[in-house]
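Visitor: I have a structure open in front of me and would like some help reading it. Could we go through it together?

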Amino acid sequence: MGVLLEVRSLTTEFATSGGVVRAVDGVSWDVQEGETVALVGESGCGKSVSALSVMRLVAAPAGRIVGGQVVFKGRDLLQLSEEDMRRVRGREIAMIFQEPMTSLNPVLTIGRQLTEGLEIHLGMSGAGARARAAELLGMVGIPDPERRLTQYPHQFSGGMRQRMMIAMALACEPSLILADEPTTALDVTIQAQILELLKDLSRRLGVAMLIITHNLGVVARYADRVNVMYAGRIVERGSARELYANPRHPYTLGLLKSVPRLDEPRRARLQPIEGQPPDLTRLPPGCAFAPRCAFRVARCAAERPALAPVGGAGHLTACWEAGRLDRAPALR
Amino acid sequence: MSKYLLKRFLLMFPTLLGVAVVIFVLIRVIPGDVVELRMSGDRGSASQQAIDEERVRFGLDQPVWKQFATWVWGVVRLDFGTSMWTGAPIGEEIKLRFALSMQVAIMATIVAVLLAIPLGVVAALKQDTWVDYAVRIFSIAGLATPSFWLGIVFILLLLIVFKWLPPMVYTPFWVNPWQNLLQLVWPALAVGYRYSAVATRMTRSAMLEVLREDYIRTARAKGLVQKLVLSRHALKNAMLPVMTVIGLEFAFLLGGLVVTEQVFNLNGLGLLFVQAVAHRDYTLIQALVMIVSGFFILVNFVMDVMYAWLDPRIRYR
Ligand SMILES: Nc1ncnc2c1ncn2[C@@H]1O[C@H](COP(=O)(O)OP(=O)(O)OP(=O)(O)O)[C@@H](O)[C@H]1O
Ligand SMILES: [Mg+2]
């Protein structure tokens, strides 16, 4: 299996009245063919902007990709013409958005919104496109797809809309799906169904997937590898198994302690991470997490640690005190 | 679908009846009636007896509810009676003027739509560039310029630059279309420009709002060409508020162009309205109010239909 997508030193900024927000700050990550990678972090850490940058859909003119490369199948997407990029969107890389209630056009039928991708990328039309659309709806578990095609988004529940978004993403059989918190807007039982569906379909169709979430519980179950993001940077990366068993960044540790875990006794108290994420317009020179960190040492405020290998293969962390975390499992 | 529209449709009738009651009572509350006005014109004051006789002739001595019932029964059969001032049948008085006013209103609306939608869309797409500023200046100027003044400028320019004056006598379209258009295109442009200003601003802001919507991003993420994103996904949503502005303005134009009609020497409904009020010509005022407001209500209903057509959330309510 080869590299499908490689993001190198990607930097995306927003010009706001309060100054320049560097939402994604020199971030590198990759996705192998057929693999599911997670991007995890608190609200506002730059997850959505990372995915939108890959699609080159960052809201202009405020938002701008100021540096880096997004190499997809050997081509740097950031260098493509707008027309060539358009052919990538939906065809090679599809995106599922965070808000199923507002991400579908209220005045167009489900069928119309499903078939237009097929028409534009695969040259399908008429009955052929409709048959394929119905097949897609069936595939994502929407009963009576023929009739559903003639309906409008407001006649769909939140869960069904998210299924519809998945169907739309799968329509042209892309090789990569960027799923931006595909379940946050849904209630818990539906969340599980949707995630199972995504996992199942991606595995069956061999689609690689970037799953964006702030829920480490989701990650454990569905991702092969995990990138933990904080204040626009990746602070830790590793296989899901490794990260769970042996987190080497205090932020990852904090995230783990803030979600319920089935492998621990029920009485274990959940501990939210103290404090607030930093203001992205004026980041401290050192580690952005330092002000909230229990392992903080003098060096943290002055120097920013780079991602460096620790422990097992492919496990990296950006923490001066990573060694201390490894030696003190009792801290957990 | 039909339930919502049926409700809207049925609602038109009580609304019209309400209008009828209000106008009928209001003009009778204003002091001075048509008989007094006419009689006092005959040098000195007429005898009370003559005035009373005239009132009887017009049925003004009857109790108000009875007058009302008689009138409404007439209106239902589309018989508006005769003018109390000229004695001519009102249907005849109004027919040509209605055609003229309606034509100016329709032409002005076409001018406005043809200007407003492209300009508004382009301004939104080029937000904060010189294109946007140019469109905004153009539309603010439109709002600040009275139509009649623009009309005068048109006439003067035609006269001075081309040594030509548009025809000043109305020719119905079905008699001589070319002659008709030569006359009416100028008032339509003068009125349409101002009208387009309102609609341009509405189009621009609605478009800006829609372009920020999540579903537009979804459409882009699907790899649609920009043209499709705009025409299929954005425009249809942005048209909802624009349509409201256009519809209301269109309905207003039918009876609201008093000064502009005067500038272009047009015998439209606006001018007739002013004369009818000056003469306290009850029957004519009533007829005009019913026609203009009936048209207003009808346009509103048509807009409801179009809303339902554009927006499935309404259609399925
Ligand atoms: N259009 C924009 N204009 C200005 N700032 C923006 C814009 N979009 C995002 N940002 C900023 O970029 C940062 C990252 O936003 P992003 O949407 O990527 O967060 P996220 O990690 O997806 O959070 P969430 O979990 O809430 O979705 C935030 O601080 C946000 O304020
Ligand atoms: Mg997000």
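**Between the chains and within them**

Guide: In this predicted model, the interface of chain A and chain B holds 3 salt bridges.

Visitor: Which side chains meet in a salt bridge at 2.5 Å, N to O?

Guide: The side chains are those of Arg232(B) and Glu116(A).

Visitor: And how many residue pairs are in polar contact between chain A and chain B?

Guide: There are 14 such pairs, with both residues at pLDDT 80 or more. On the side of chain A that touches chain B, α1 (47-55) and α3 (110-122) each supply at least two residues. Of the elements there, α3(A) gives the most, with 6 residues. By class, that side of chain A has 11 nonpolar, 8 polar and 6 charged residues.

Visitor: How many residues does the contact take from each chain?

Guide: Chain A contributes 25 residues and chain B contributes 21. The two chains bury about 2,200 Å² between them, and 59% of this is on carbon and sulfur atoms. Three residues, Pro106(A), Val107(A) and Glu116(A), supply 24% of the area that chain A buries against chain B, more than any other three. Glu116(A) is also the partner of Arg232(B) in the salt bridge mentioned earlier.

Visitor: New topic: the ligand. Which residues come nearest to ligand 1?

Guide: Of the 15 residues around ligand 1, the nearest are Ser43(A), Gly44(A), Ser48(A), Gln98(A) and Glu181(A).

Visitor: What lies 2.7 Å from an oxygen atom of the ligand?

Guide: A polar side-chain atom of Ser48(A) lies at that distance. A side-chain N or O atom of Glu181(A) is also 2.7 Å from an oxygen atom of ligand 1. For Lys47(A), a backbone N or O atom lies 2.9 Å from a ligand oxygen.

Visitor: Now chain B on its own. What domains does the assignment give?

Guide: The assignment gives domain 1 (2-90) and domain 2 (92-316). Their C-alpha centres lie 32 Å apart. In contact are 30 residues of domain 1 and 25 residues of domain 2.

Visitor: How much area is buried between them?

Guide: About 2,600 Å² is buried between the two domains of chain B, with carbon and sulfur atoms giving 74%. In domain 1, Tyr4(B), Ile27(B) and Ile90(B) lose the most area to domain 2, together 22% of what that side buries.

Visitor: Which residue forms a salt bridge with Arg8(B)?

Guide: Asp304(B) does, with the closest N and O atoms 3.6 Å apart. The count between the two domains of chain B is 1 salt bridge.

Conventions. Residues numbered from 1 in each chain as written. Chains lettered and ligands numbered in written order. Predicted model: local features only at pLDDT ≥ 70, side-chain atom pairs only at ≥ 80, totals over all residues. Heavy atoms only, no water. Domains from an automatic or database assignment. Contact = heavy atoms within 4.5 Å. Buried area = accessible area lost by both parts, 1.4 Å probe. Salt bridge = Lys/Arg side-chain N within 4 Å of Asp/Glu carboxyl O. Near = heavy atom within 4 Å. Polar contact = N/O pair within 3.5 Å; in protein donor to acceptor, adjacent residues only side chain to side chain. Helix = DSSP H or I, 4+ residues; strand = E, 2+ residues; numbered from the N terminus. Nonpolar A, V, L, I, M, F, W, Y, C, P; charged D, E, K, R; others polar.
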